[in-house]
Amino acid sequence: SQFLHNPALVKHMKIIRQHIASENSTDRKAPPTTTRDSKQKQKEEENHQLVVQSNKHLASLEEELEQAHQRLADAYNPKFPELEELLPNHLHYKNAVRIIGNETDLTKVNDELNEILTSNQIITISMAGSTTSGRPLTDDELRVVDASATYMEELVVVQKDLMKFVENSMESLCPSICALIGAPTAARL
């Protein structure tokens, strides 16, 4: 969790949350003016810098999510080594691990898996689970798996907050592009 405690990221997230709170408490649409005053230009520049920093943090966060997924996969591998190959999507994998846990009979968790996976994925996982070379995890191993999954969830929350901020900022920074392709797409670009 050192990544989430990085002073630069912590400071940036605090500024973003303050920025979002102030945007929510004031009217977003200022009266139209023919000239932009220096205060408005400064605010736009600050917002632009926040977006640039957010994008840098998002890139680092993506790498950290990749590493966190690998730590989770390494921790859960003794239980169900085939699962990582069957679910290459990090979030699907993490959610499946949360649901399956130490369960040996996967038919008992099919309904829960059905909420996050397709029926084909569930069938494949159930078949692999019935023939897996894995073994039940010890309590200590389960704690490591839980901590790894929790860390991934914390990373995803920060990622969503940053993406939401960037998406919301795109409309004021690039209104023409957002009108053409939409704010979420513009933010991802």
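**Figure 1. The exposed face of helix α6 in the predicted model.** Exposed residues N120, M127 and S130 sit on the face of α6 that is turned away from its buried side. The helix runs over residues 119-130. Its length fits a regular rise: at 1.5 Å a residue, the 12 residues should span 16 Å, and the end C-alpha atoms are 16 Å apart, which agrees.

**Figure 2. The buried side of α6 and its packing partners.** Five names make up the buried set of α6: I122, I125, S126, A128 and G129. These residues cover an arc of only 165 degrees around the axis, so they lie on the same side of α6. They pack against three helices: α3 (83-86), α4 and α5 (110-114).

**Figure 3. The largest nonpolar core.** This core holds 42 residues. Y76, L83 and I100 touch the most other members. Several helices each supply at least two of its residues: α1 (7-25), α2 (38-76), α4 (90-100), α6 (119-130) and α7 (139-173). The top contributor is α7, which gives 11 residues. In soluble globular proteins, nonpolar side chains tend to be buried together.

**Figure 4. The surroundings of Y76.** What does Y76 touch, leaving aside residues up to four places away in sequence? Its contacts are L83, Y93, V97, I100, G101, L137 and V145. Two of these, L83 and I100, share with Y76 the rank of touching the most other members of the largest nonpolar core.

**Figure 5. Q159 in helix α7.** Is Q159 buried or exposed? Q159 has 19% relative accessibility, and the cut-off for buried is under 20%, so Q159 counts as buried. The residue belongs to α7. Q159 touches L58, L61, E62 and L65, not counting residues up to four places away in sequence. These four contacts fall within the 38-76 range of α2.

**Figure 6. The whole chain, for orientation.** The chain has nine helices and zero strands. From the N terminus on, its elements therefore read as α throughout, α-α-α-α-α-α-α-α-α. Of its 189 residues, 33% count as buried. Among contacts with a separation of 6 or more, 69% join residues 24 or more positions apart. The accessible surface comes to about 11800 Å², and carbon and sulfur atoms account for 53% of that area.

Conventions: Residues numbered from 1 in each chain as written. Predicted model: local features only at pLDDT ≥ 70, side-chain atom pairs only at ≥ 80, totals over all residues. Heavy atoms only, no water. Core = buried A, V, L, I, M, F, W, Y, C linked by side-chain atoms within 4.5 Å. Buried < 20%, exposed > 50% of the residue type's maximum accessible area, 1.4 Å probe, protein only. Contact = heavy atoms within 4.5 Å. Expected span 1.5 Å × (residues − 1). Arc of directions from axis to C-beta. Areas by Shrake-Rupley, 256 points an atom, 1.4 Å probe, with all protein chains shown as cover.
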